[in-house]
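Trainee: I'd like a close look at one part of this model, and then a walk through whatever else helps me place it. Could you take me through it slowly?

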Amino acid sequence: MCKICTKPHNTILCSEDSNDSKSDSQTENELPSISCNNAIVPVTQAVLLHTAIVYVKDINGISQKCRLLIDSASQGSFIRESCVNLLQLNRTKVNISVDGLSSRKVGRVAGTVKLQIASQFNKNASITVDALIMPKITYEILQCPVDASVLKTFKQLQLADVNCHQPGLIDILLGADVLGEIMLSGHLNISGLTALESIFGWVILGKTKGISQTIISNHASCNAVEFELDKFWQLEEISNIKPYTQKETACENHFIETFSRDSTGRFAVKFPFRESSDELGSSGDIAIHRLHQIERRFAKNPTLFNECHKFMEDYLKLGHMELIPENEIDVIELRVEREETY
C-alpha cells in the first residue's frame, strides 16, 4: 500500500504531488516517466571576430582561397584537417598535446604542415607558418548573420573579409606565434566596433546586433525508476524462438549421440562427417601424381630425401603415425608404377 496516495502500489513509484516532509530522492522518483521541455530563445546580438580571406599555396604551388581567424590568445597556429587534404600538403608527425579551457584536452593533433599564406590584395605580403593539424578548429563563427549595414562605416577600408558578418567555417587559426608578423599599426573605433590593420587587410571585431533569430531547444528525459522497470519487463519477455535449420539440427543430434565424458571430466565428441562423399570426387590420381613429383625431387636432392626419411622414421617411433594394413585399404584397383626409393 502506497504511503502517499494509499493506492495499491509501492511508495517509490507514486506519481502524486509530494508533501514537504518527503525527501529529495522521493521527489525525484515521483517525476512522470517522460518529460519534454521546449525553450525558445531569441538571439539579438553577435560578436564579430577578426577573420580574413587569404591565399594558401597547395602542393603544386597553386594559390587556394581559405578563411582564417586571428587569435592572440592561442599559443600556436592550427589548420583544419580537411583543408590539409584539399591542399594535399605533406605533413610531419608530432607528439603535441593541445589543451583548452579548464585544461581540458581539445583533441588529437594529426601532424604539422608548413603553410605559405599571402594576402588576397598583395601577394608580396605573405608569411610562412608551421600549423598543427586538427580535425576541427571551431564551430561556425557567428551563430546568426549580422546586418550588413554595420560595415557601411568601414566602406572606405580594404576589408580582409568582406563577409565577416556571415556565419562560416574557419580553415586556419593564426595564434600569437605569428601575431607580430601579421598586425600593423592602423586602429579605428567606430560605432562600438574596432578595425585593426593587418597585412591581409583591415579586420573588424566587436559586439553588434544580429538579425533576429529564434533557437528552439527540445529536451526529453526519462524517469530512472520506471525506465529500469521497463528494462525489467523486457528481460522477462519471451523472445521468439528461431527454428533450427536442417544442418543445425543434424549437428545437435550428432553431439547428443556421440558425446562422452572421460575420467578427467572433459567432454569428447566424434568428428562429424557428411553421409555422402560424392562431392570429394576422385582424388587418387591426384595423390599418385603428387607422390611421383616428390620422388623425382628426392632423386635430384639426396640430402632432402635423407632428412625427410629421418623425419618420417621419427614419427613412426613416436607413435604419431602408423602404416595402414593392406587389408584395411579400401581400394578396388590401384596400379602405381614407381621406383623403389625406400
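Which residues form a nonpolar patch on the surface, and about how much accessible area do they have together?

Mentor: Sure, and keep in mind throughout that this is a predicted model. The patch is made of Phe 255, Ile 256, Phe 259, Phe 267 and Val 269, and together they offer about 490 Å² of accessible area. Take Phe 267 from that group: it is found in strand β14, which covers residues 267-268. Phe 267 counts as exposed because its relative accessible area is 52%, and the cut-off for that label is over 50%.

For scale, the accessible surface of the whole chain comes to about 25600 Å², with 52% of it belonging to carbon and sulfur atoms. Buried residues account for 27% of the 342 residues in the chain.

Now for the rest of the fold, which gives you something to set that patch against. The chain has 7 helices and 14 strands. Of the contacts between residues at least 6 apart in sequence, 61% join residues at least 24 apart.

A good place to dig in is strand β2, residues 51-57. With 5 of its 7 residues buried, β2 is largely enclosed by the rest of the structure. Ala 52 sits in this strand, and it is called buried because its relative accessible area is 0%, where the label needs a value under 20%. So what lies around it? Setting aside residues up to four places away in sequence, Ala 52 touches Cys 66, Arg 67, Leu 68, Ala 160, Asp 161 and Phe 200. The C-alpha of Asn 163, 111 residues away along the chain, is 9.1 Å from that of Ala 52.

Some of those contacts make sense once you follow the pairing. β2 runs antiparallel to strand β3 (residues 63-70), with 7 bridges between the two, and Val 56 stands opposite Gln 64 in β3. The two strands form a hairpin with 5 residues between them, and in the turn Gly 61 takes a positive phi of about 80°. Cys 66, Arg 67 and Leu 68, which Ala 52 touches, fall within the residue range of β3.

β2 has another partner as well: 3 bridges join it to β7, again antiparallel, and Tyr 55 has Ala 118 in β7 as its bridge partner. When you look at these strands on screen, it helps to remember that in a regular strand the side chains alternate between the two faces of the sheet.

From β7 (residues 112-119) you can step on to β8 (residues 126-134). These two run antiparallel and share 7 bridges, with Leu 115 opposite Val 129 in β8. A hairpin of 6 residues links β7 to β8. β8 is paired with strand β4 (residues 78-80) too, this time parallel and over 3 bridges. In that pairing, Arg 80 has Met 134 in β8 as its partner.

Keep going past the end of β8 and you meet Pro 135, in the loop between β8 and β9 (172-174). Is it buried, partly exposed or exposed? Its relative accessibility is 40%, so Pro 135 counts as partly exposed. Beyond its neighbours within four places in sequence, Pro 135 is in contact with Arg 80, Glu 81 and Arg 108. Arg 80, then, turns up both as the partner of Met 134 and as a contact of Pro 135. The C-alpha atoms of Pro 135 and Ala 110 are 7.8 Å apart, with 25 residues separating them along the chain.

One more hairpin is worth a stop. Strand β10 (residues 183-190) pairs with β11 in the antiparallel sense over 5 bridges, and His 187 stands opposite Leu 196. The turn here has 2 residues between the strands, and Ser 191 in it has a positive phi of about 55°. Strand β11 itself (residues 193-198) is mostly covered, with 5 of its 6 residues buried.

Finally, a word on how far to trust all this. The average pLDDT of the chain is 77, and 70% of the residues score at least 70. Two stretches stay under 50: residues 18-36, with 28 contacts beyond four places in sequence, and residues 332-342, with 12 such contacts.

Conventions
Residues numbered from 1 in each chain as written. Heavy atoms only, no water. Pairing = 2+ DSSP bridges. Helix = DSSP H or I, 4+ residues; strand = E, 2+ residues; numbered from the N terminus. Patch = residues over 30% accessible without salt bridge, like charges linked within 9 Å, V, L, I, M, F, W, Y side chains within 5 Å. Areas by Shrake-Rupley, 256 points an atom, 1.4 Å probe, with all protein chains shown as cover. Salt bridge = Lys/Arg side-chain N within 4 Å of Asp/Glu carboxyl O. Buried < 20%, exposed > 50% of the residue type's maximum accessible area, 1.4 Å probe, protein only. pLDDT = per-residue confidence, 0-100. Contact = heavy atoms within 4.5 Å.
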